[in-house]
Amino acid sequence: MNYLSNHKKIMLILTENCNLRCKYCYELEKKRHTMDFETARRIIRDSLSRMDGYDTAVIELHGGEPFMNFELIKQIDAFVVDNYDFPILFRTTTNGTCIHEEVQEWLKERRERYEIMLSLDGKRSDHDLNRVTVNGNGSFDLIDIDFFAETWKNCPVSMTISEDTIGNMAKNTIWIQEKGMECLNAFQWATEWNLKKTYLLLKRELKKLVKYYSDNADKHVCLLLNYQLLNFNKEITQDFRYCVEIDDPIECYDANGKYAPCHGFTEFTVGDPEIAKEFSEMSVKDFIIEPRNACYGCQLVRLCRICFAANHMLTGDMQNQNEEICLFNQICILAGMQIELNRSQRYENKKISNEYLETIKRIQCYIDQRGQLDVKHDFFS
């Protein structure tokens, strides 16, 4: 994935419309609102006039399905190229069904400044369980997967793991990896899981993935099992905030140009204008862990992939963490550490430092002391 250092991030929800009806979609209010160019230009001009020491920018083009408003994407691109001479990267996540012919050629010409993430939940059978069209048909065959794999090296793929597809999690992850794409797999967050059923399936599938990554040291480990383990040693200060990339300076604007601290707190997502209004004066810097939060004081908090917005979607309270996801995170951390240990033992170029090894032991001990899992240190060996 591309990265611009010292960047400011602007997220534009170009349209609330989508041609799919994914079973796990958390965007509640698909009212078909679309952003117009004047609104987009005003937001970009205003935001980029307030760089506050940042010397690069990332503009995220969001939806719905953003390429249902392709004309606006073209207008935004031309405006940015004509008016700004510092590095600006475009990012977008797409279901891929609108990326054909003209759109493909347009993106190919601009692939150096566009980072595209494809939403793909694995092979046809599992993808089509989750991601159907408005008519209820599967969407897999509407996607030119080879275009993404060939246009962007290690093209990132967003693979959502649902209760219906967790039993094939390893197969689908490996299939994406073998196509030369980067698998950014994650659990469906804003839902109640059948823990008794899915926990056993998760352990079984993680065993398969540990073996795959241990046997294939050249493969980049999927997001679900890839952790910066030394972060466990960092002090948890009072102002620590969780969420992936929560520390990015981010401004989010819905299709009507209304500000929100992130996509998960727009009216489009929360479904209630009054609730959305409560968050309209906040920024990500206001998202702190309160003592009533189950994550408060937990040393794993720098490793777990958890989200204030997902908490709010599920419980109506941004501080109320999903217990199932807490357990899933712990077992995935153990699996990720086992991959590191296996690779270190088998491959000279994968040796880990004594500090890293000691950190792994500390994390294992910490998870044992929490007493929530019935797995042992050698469970994944």
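What volume does the largest cavity have? In this predicted model, the largest cavity has a volume of about 80 Å³, and the structure as a whole holds 3 cavities of 30 Å³ or more. The second largest cavity contains about 60 Å³ of space.

The walls of the largest cavity are formed by Asn185, Ala186, Phe187, Trp189, Leu223, Leu224, Tyr227, Arg305, Ile325 and Asn329. Two elements, β6 (182–187) and α11 (323–346), each give two or more residues to this lining, and it is β6 that gives the most, with 3 residues. When the residues lining the largest cavity are sorted by class, 7 are nonpolar, 2 are polar and 1 is charged.

Around the second largest cavity, the lining consists of Trp189, Arg305, Ile306, Cys307, Ala310, Asn311, Leu314, Gln321, Asn322 and Ile325. Here the largest share, 3 residues, comes from helix α10, which covers residues 308–315. By class, this lining divides into 6 nonpolar, 3 polar and 1 charged residues.

A reader who follows both lists will find that Trp189, Arg305 and Ile325 appear in the lining of the largest cavity and also in that of the second largest cavity.

The table sets out the two cavities side by side.

| Cavity | Volume | Element giving the most residues | Classes in the lining |
|---|---|---|---|
| Largest cavity | about 80 Å³ | β6, 3 residues | 7 nonpolar, 2 polar, 1 charged residues |
| Second largest cavity | about 60 Å³ | α10, 3 residues | 6 nonpolar, 3 polar, 1 charged residues |

Key:
Residues numbered from 1 in each chain as written. Predicted model: local features only at pLDDT ≥ 70, side-chain atom pairs only at ≥ 80, totals over all residues. Heavy atoms only, no water. 1 Å grid on protein atoms, 1.4 Å probe; cavity = no way out; pocket = protein on both sides within 12 Å on 5 of 7 lines; lining within 4 Å. Points joined across faces, edges and corners; volume = space filled by probe spheres on them. Helix = DSSP H or I, 4+ residues; strand = E, 2+ residues; numbered from the N terminus. Nonpolar A, V, L, I, M, F, W, Y, C, P; charged D, E, K, R; others polar.
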